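Student: Could we go through this one together, slowly? I would like to look at contacts and then at a sheet.

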Amino acid sequence: MTSKKDVLHVGIDLGTSRSAIAASNGTKHVVESYVGWPLDMVARKIVKKTILFGAEALEARSMLDLHRPLERGLIKQGSAKDEEAVHELLKHLIALAGRQEGQRVEAVVGVPAEALRVSRQHLRGAVKGIADALLIVSEPFAVAYGMDALLHTMVIDIGAGTTDFCVMNGRYPTEEDQRTLTHAGDSIDDQLMKLVKTKAPDGRFSIHMIREWKEKFSFVGDPKQPVVARFPVKGRPADVDITAEMKKACESIVGPIAETMLDLLSKVEPEYQEKVQRNVILAGGGSLIPGLAAALEKVLLEVGGGRVRAVEDPVFAGANGGLAIAIDAPEGEWEPLGA
Amino acid sequence: MASTGRLKQTLVRDAIRENVDVIEGRLPKGLRRSDRIRRAIFRASVFVIVPLALFLSINALTTGKGERTDVVFVSTPAAAPAPAAAVLHAPKGLEPSLFRLSVRSVVLDPGHGGTDPGASGVGGVREKDVTLDVATRVKALLEEGHLAVSMTRDGDTTLSLKDRVLLANAKRPDLFVSIHVNSLPSVRDKRVVETYVLGTTNDARVQALAGDENRESGYTLADYRRLLEGVLQDARSGESKRLAESVQGGLVIGLKRAVPRLEDHGVKEAPFVVLIATEMPGILAEVSTVSNDDEARRLKDSAYRQTIARALADGILAYAESRNHPPSKRS
């Protein structure tokens, strides 16, 4: 019989952009979802590692076979290297969590709300040999569980690859209670890339720079200050005002999110609809965009008003929820979930 | 507080049950009745179709006058008797236009369904709902045109691609039309229609699309190999292309009026499982692009879905007309 002490419970938010882990021993880590292998012997000598993760991998990207192995929150289809990268990323996260030798690992991993069964099976394959048992849940459900927001709540989890919606009605969410949209952080990046290219056709900047600007300066509504980005134009460093471009790119996700939120609300039992619209929770990296909650509240005025608030710790909300589920799952019930 | 604890226990148990269902390959609760129906159809196919095929094969071998049982559009064997060996091996280089062909029945396959929503767009539009609604409308329109129409699903049920193939082959229709909705998240401004026939492709986007649509096929790698070997130089390909061209033409003409910026991506080849394993001329039509926000909004409008259905049905009926009443070569 395994005692709780011999088990490390972990909750993992496996994200397209960042992956976070929260463990029952109190450790928490977040890693950018990049995995890189040195391109050749010379690169290996310089980086002094056989595999690099997260920001370290991104920094040394010119010397690496770099992979961002998750697409729309799932393992990319058809690439053995990406599957291997997810396996290595999970192994890295669990090592960071401080697994003791011989300690059993029971993991809960969040995936997009509408992830296919076959995608869940792929994930189960990637976890083989890393965790002893795996429970896969929808990411917004994990967030709701971690916050005890189980009744008359809508969670909107805005990640990099997907925005996931889940209405909690006091039951395990079915597909009717959930939606997944591909309007999310990456689609803001794509928009911003196009808009800045149009504004400065001779400018040189990468998608990584675009992501960095978005994370620092994103906003919806009125800007608090002008957004000025520095990048080479015709070979010389230049300061370019991209305030209008940033606004347009960030606001490109508001319409689709608002429409899907209203659509899901319309399907809630009429007597509970008002309660749900007063209890909309934003999670994920997108919840950090200033002005987004206010913009969605403005949309809710169309149906009598409501309240939209962001989670306090968007980076770890999913992982914390996963950990809470892992701890609450009765020990005997992990048996059939062997990875 | 105690009630929150009880609720959490129930939720965790339900999450575990759902995971165990996936591990053990069981459908989620509520969908299992359809599973039983599919098993019944499969059993029926084993006990009825296999003995029937064996009987016809033996008959053909002993008398030399049997009909081909695996090419469904040969309706008048007297016009061109097939050699006895054709019962066992697909003929190479068979030219279907030599036969007097007729199109009387169609199987429509609304893509995705049940636990597989397919692509989704703004406002909660899901591919599985659009394909079912459009297919139901196309069925009504084709029936007005005096075709017998069956569907692989008529509700929100989960079907693997193998299930779809089994259902279609069991019906022995003259044509198979799989209906899907495209998603192109990297080019959200595009609204595209395209139609696929079975073939190979080097186009990375088309490969990815085929990979997406082939997920949860229910076939093993060994099955794939056997299926691919079985369709090489198949007589269906020429007819499938003609059907695809007619349907693509119907879609473009029918939808351009409603969507002037619609892009015609033409007829393409891709290795979709439903086209490999079905035994009749077949196509896969991508009738809309849900990643485009304007298109996703319009897909919620029943009048627009009717326009799509009309365009698709026009393409199928035009092809059927060309087979049922071919223009005389002498005139």
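Tutor: Let us begin with a term: two residues are in contact if their C-beta atoms, placed from the backbone, lie within 7 Å. This is a predicted model, where local features need pLDDT of at least 70 and side-chain atom pairs count only at pLDDT 80 or more, while totals for chains, interfaces and linings use all residues. Residues are numbered from 1 along each chain as its sequence is written, and chains are lettered from A and ligands numbered from 1 in the order in which they are written.

Student: OK, so which residues is A:I325 in contact with, leaving aside neighbours within four places in sequence?

Tutor: With that exclusion, A:I325 touches residues of chain A, including A:G11, A:L135 and A:Y145, and also B:V12 and B:A15 of chain B.

Student: Now the sheet: what order do the six strands in chain B have?

Tutor: The order is 2-1-3-6-4-5 in an open sheet with mixed pairing; strands here are DSSP runs (E, at least two residues) and helices are too (H or I, at least four), numbered from the N terminus, and two strands pair if DSSP finds at least two bridges between them.

Student: And which strands stand at the edges?

Tutor: Strand 2 (148-151) and strand 5 (263-270) of chain B do, each having a single partner strand, so one side of each lacks a neighbour in the sheet.

Student: In which sense do strand 4 and strand 6 of chain B pair?

Tutor: They pair in the antiparallel sense over three bridges, and B:T195 has B:A285 in strand 6 as its bridge partner.
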